[in-house]
Amino acid sequence: MTDNSPSSSPADSAGAHAFVRAVTRSRPADGVVGPLWLRRAAQRVQDDPGTFLAWLEAILGDEEAVREAAKRSYWHPNGFAKMVLHSSAEFRIRLHVWPASTEPSRGESNPHSHRWEFASTVVAGEGMHMVEYGETDEGGELHTRYWYGADPADPAALRRDGQARLRKLRAPHVRRGQVYSCDTEVVHTVRPIEAGLTATLVFQGPHRSAKTVVYCLPGQTDDQPNGEMSEEEFSLLVESVVAAFTERISS
């Protein structure tokens with residue numbers, strides 16, 4: 001669940017596309033990017049699918065945009081891709097892709113929170129299954145608690161902080177075309193509903209805290225390296241999403 005991609009984005013033609021310009025112009029007058037704006041930005045994908053699709057196609061048609069986006073992107077240890085398509089001081093736009101498989105992906109299977117608020121919408125596949133958790137004194141399932149970002153000398157390290165019992169609070173399903181939002185207090189797991197190609201577009205706000213929590217079952221750890229992504233892999237993944245999204249809006 002860690003995110004080690006750079007915080008800045010070079011100027012490229014993809015960042016000047018009408019879709020990104022429209023999202024940027026819609027920010028509140030005070031410049032504060034919060035949960036409501038993030039939800040509205042994610043909903044724009046569903047309200048104006050043609051412009052969103054044109055943006056993805058513009059990225060694919062720009063070698064420099066592909067090169068720079070691939071540098072900002074990586075493979076999660078559980079086998080899905082996190083691709084940063086746009087990055088600015090105010091917000092990021094990320095494409096998360098779970099390639100088609102013979103069985104559903106584990107997704108992000110360790111309960112975790114985030115240092116930033118976000119809203120996401122499903123652009124390919126049936127949807128996502130989330131489970132949200134809270135610590136409890138009795139019952140629940142025992143986990144080891146870790147903090148990510150708590151060590152200034154090694155911000156990417158996980159630092160153990162005892163044990164905690166977690167209980168499930170709710171389990172929302174987010175179907176294709178729907179929007180899911182999350183603040184920094186939510187602890188959840190995320191996985192695709194089905195084994196077929198699944199993709200979400202994520203609008204990420206600015207960092208609100210320096211650290212975030214990760215829970216692992218005893219004997220497990222989330223401290224695994226992310227995998228590098230090649231330009232070819234990046235292009236193939238985006239092409240697969242373009243094909244799936246085009247089929248959806250054409251049907």
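## A tour of the sheet, the cores and the ring pairs

Begin by selecting Ala119 and Ser181, which stand opposite each other, the latter in strand β10. The model on screen is a predicted one. Colour strand β5, residues 116-124, together with β10, and you will have a pair that runs in the antiparallel sense over 4 bridges. Widening the selection to the whole sheet gives an open arrangement of 7 strands in the order β10-β5-β12-β3-β2-β1-β14, with antiparallel pairing. At its edges stand β10 (179-182) and β14 (227-228), and because each has a single partner strand, one side of each is left without a neighbour in the sheet.

Next, go to the loop between β1 (74-75) and β2 (81-87), where you will find His76. Is His76 buried or exposed? With a relative accessibility of 5%, His76 counts as buried, and its side chain reaches the backbone nitrogen of Asn78 at 2.9 Å.

From here, turn to the nonpolar interior. In soluble globular proteins, nonpolar side chains tend to be buried together. The largest nonpolar core in this model has 40 residues, and those touching the most other members are Phe19, Met83, Leu95, Leu201, Phe203 and Phe234. Helix α5, residues 231-250, supplies the largest share of this core, with 6 residues. Apart from this core lies another, of 13 residues, which includes Phe80, Val122, Val174 and Val190.

Centre the view on Met83 and show its surroundings: leaving aside neighbours within four places in sequence, Met83 is in contact with Ser73, Ile93, Arg94, Leu95, Val97, Met229, Phe234, Leu237 and Val238. Now move to one of these contacts, Met229, which lies in the loop between β14 and α5 and is buried, with a relative accessible area of 8%. Not counting residues up to four places away in sequence, Met229 touches Ala70, Ser73, Tyr74, Trp75, Ala81, Met83, Phe234 and Leu237. If you draw a C-alpha to C-alpha distance from Met229 to Ser87, it should read 17 Å, for two residues that are 142 apart in sequence.

Helix α4, residues 63-71, is the next stop, and its buried residues are Ala65, Val66, Glu68, Ala69 and Ala70. What covers these buried residues includes α3, β2 and α5. At the start of α4, look for Asp62, a side-chain oxygen of which reaches to within 3.0 Å of the backbone nitrogen of Glu64.

Finally, display the aromatic rings, among which the structure holds 7 pairs. How are the rings of Phe52 and Phe245 placed? Their centres are 5.1 Å apart and their planes stand at 85 degrees, so this pair is edge-to-face. The pair links distant parts of the chain, since Phe52 belongs to helix α3 (residues 49-60) and Phe245 to helix α5, 193 residues apart. Phe52 counts as buried at 0% relative accessibility, and Phe245 likewise counts as buried at 0%. A second edge-to-face pair is made by Trp116 and Phe118, with ring centres 6.0 Å apart and planes at 70 degrees, and both of these residues are buried. Returning to Phe52 and Phe245, add Phe19 and Trp55 to the selection, and you will see the four that ring pairs link into a cluster.

One last aromatic residue to visit is Trp147, over whose face Lys211 lies, at 4.3 Å from the ring centre.

Key:
Residues numbered from 1 in each chain as written. Predicted model: local features only at pLDDT ≥ 70, side-chain atom pairs only at ≥ 80, totals over all residues. Heavy atoms only, no water. Pairing = 2+ DSSP bridges. Helix = DSSP H or I, 4+ residues; strand = E, 2+ residues; numbered from the N terminus. Buried < 20%, exposed > 50% of the residue type's maximum accessible area, 1.4 Å probe, protein only. Polar contact = N/O pair within 3.5 Å; in protein donor to acceptor, adjacent residues only side chain to side chain. Core = buried A, V, L, I, M, F, W, Y, C linked by side-chain atoms within 4.5 Å. Contact = heavy atoms within 4.5 Å. Phe/Tyr/Trp six-rings, centres within 6.5 Å; stacked < 30°, edge-to-face > 60°. Lys NZ or Arg CZ within 6 Å of the ring centre and 35° of its normal.
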